[in-house]
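This report goes through a few features of the structure shown below. It takes up a disulfide, the salt bridges, a lysine and the nonpolar cores, in that order.

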Amino acid sequence: MSRAPRIAIALLLALTGACGSVRPTVQSAQRMQLDPGSCVTEIKQIPATALHTGVAAEDWKFQVFAFQQLASCARAADGSLVPMAVFATDGRVPVEIRVILMVDAQIAFAAAVDLLDAEHQLLRTIPFTDFSRRGASYTGSVFLNEQEQQVRYLVLRPDSASVGTAHSSTSGIGRQVPYVIPIPGGIIYGSVATGSEKILSTWLSEVGSFSIAAREYAPTEFGSKPARAKRAGSR
Amino acid sequence: MTRSLIRSLALSLLLLALGACVSSPVQQAYNREMNSSIKRIAVLPMPAQNVRLFVFNNPGYSFGLIGMAIAEANRNGKENWLQKTAADNDFSHSVLFRELFTAAMLERGYELVWQDLDHNNKRDAAGLHKKYSPVTGADAQLDIGLSFVGYAAAGAGKSEPYRPTVNLSARLLSADGKKVLYSDMVLYHNVTNNRSALILEPDPKYQYPDFDDLEAAGADAIEGLRIAVNQTASALAKQL
């Protein structure tokens, strides 16, 4: 074999090597397995994760979690078992709390958010349907203004009305397809832009990753440096 | 002829650049309670634009200026057909958007005042103004950039059908134009695989594997655009 075709084959393999992995298609929502023996009877028994409020001019500092790792099990009044993650606010207002439910491997955590007072009494619920579908996540903003300064806890739990359903998403994927042409004395190589369409179902589940951050609310000055999202930590 | 081709190529390069990295405006959710006094909103003028047709990731664009010129000549003919069909079916997306968005906002308790005279007409890639002047007779000003309305395909093959596509960016500012109260991007048909914009799924009834299929659909294809504009207008109103 002459040198040029061997280089051509090696180059082709190197260029196409990155495209080899294929993930299996997910066919249903993922449920969370709960151990009834570990369930508490009152929300106040669940340790709350502190939600630090950043100042308005700061970048968002997101904390990232896997719900299934953070959640504790609570037994509801009707006897049903509910996994939930509790966050404690510092009572400052006005505040914007941003929750991002990541779409990963065709799964997204279909969360509802309950706002509780210092006595763990329910004040308001934000259902999953109030979250907005984005390219790679579902996002929701909760504003705590003067009227809601009694909010002390946020509880994230699966929204039973949405869990088990699937959303379809159609998107275009651009890629470069390499070509290598052996010619006498060498090779010509390059790449051609090509695209394909991907239609995927996202299964709304009881598990999944999410990130959360709180920041004082104040409208930004037009033209000021935009605040970026940062990861503050993860579990 | 040459001038028109150069203009067309420039537009295509812009669309290619947009496809590569559609820069969403920084997302800011709207705090309704804190801004409850805002009832009357001035909507800044939107540039008059025609419907577009575009194939993202068209291999033709990979073969230098000659390849691009051939691909562009082909696209141009198809886009001309779409624009003529839109006109024949009395479809103007800016007129329709204005009508539907006004109604959707009225339902949410807002009165819109559409501005005609554009004082600052320089815009960014998302179609939003680069600077703002104060407005009078309104509690806030809303800037809307419809950077693409038309049919787009994710690739050149039959398995990448033409689908109705709308790219919209919006920014709500205080009446003096100094404070940003809301900012986001809405995409009907995520042909560019944007990760952060609000996404609306295209109606599967209006998908055309080939241009011939789109052409055969005629008025039906325009109905697909009406639905796309309607859903985009509703989605934006829902955010405010």
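Over all chains, a search of the whole structure, which is a predicted model, turns up 1 disulfide. The disulfide joins A:C39 to A:C73, with an S to S distance of 1.9 Å. The link between A:C39 and A:C73 is right-handed, with 80° about the S-S bond. The two cysteines connect distant parts of the chain, 34 residues apart. A:C39 sits in the loop between α1 (3-16) and β1 (49-50) of chain A, and A:C73 belongs to strand β4 (residues 72-75) of chain A. With a relative accessible area of 14%, A:C39 is buried. A:C73 is buried as well, at 6%.

**Salt bridges**

Side chains of opposite charge can pair when their charged atoms come close. The search finds 16 salt bridges over all chains. The table lists some of them.

| Salt bridge | N to O distance |
|---|---|
| A:D90 and A:R92 | 3.3 Å |
| B:R75 and B:E79 | 2.7 Å |
| B:D88 and B:K84 | 2.9 Å |

In chain A, A:D90 counts as partly exposed at 40% relative accessibility, and A:R92 counts as partly exposed at 36%.

In chain B, B:D88 and B:K84 are 4 residues apart in helix α2, so about one helical turn separates them. Both B:D88 and B:K84 are exposed. B:R75 and B:E79 also lie in helix α2 of chain B, 4 residues apart, about one turn of the helix. Both B:R75 and B:E79 are buried. Shared partners join salt bridges of B:R52, B:E72, B:R75 and B:E79 into one network.

**A lysine without a salt bridge**

B:K78 is found in helix α2 (residues 64-88) of chain B. What is the nearest side chain of opposite charge to B:K78? It is B:D210, 7.3 Å away, and B:K78 is buried yet has no salt bridge. The side chain of B:K78 does make a polar contact with the side chain of B:N74, at 2.9 Å. Leaving out residues up to four places away in sequence, B:K78 touches B:L53, B:Y162 and B:F211.

**Nonpolar cores**

B:Y162 appears again in the largest nonpolar core, which has 52 residues. B:Y162 is one of the members that touch the most other members, a group that also includes B:F97, B:F101 and B:L240. Helix α5 (residues 219-239) of chain B gives the most to this core, with 9 residues. Apart from this core lies another, of 36 residues, among them A:L101, A:F131, A:V163 and A:A214.

Notes. Residues numbered from 1 in each chain as written. Chains lettered and ligands numbered in written order. Predicted model: local features only at pLDDT ≥ 70, side-chain atom pairs only at ≥ 80, totals over all residues. Heavy atoms only, no water. Buried < 20%, exposed > 50% of the residue type's maximum accessible area, 1.4 Å probe, protein only. Lys, Arg positive; Asp, Glu negative; His and termini not counted. Salt bridge = Lys/Arg side-chain N within 4 Å of Asp/Glu carboxyl O. Polar contact = N/O pair within 3.5 Å; in protein donor to acceptor, adjacent residues only side chain to side chain. Contact = heavy atoms within 4.5 Å. Disulfide = S-S within 2.5 Å. Core = buried A, V, L, I, M, F, W, Y, C linked by side-chain atoms within 4.5 Å.
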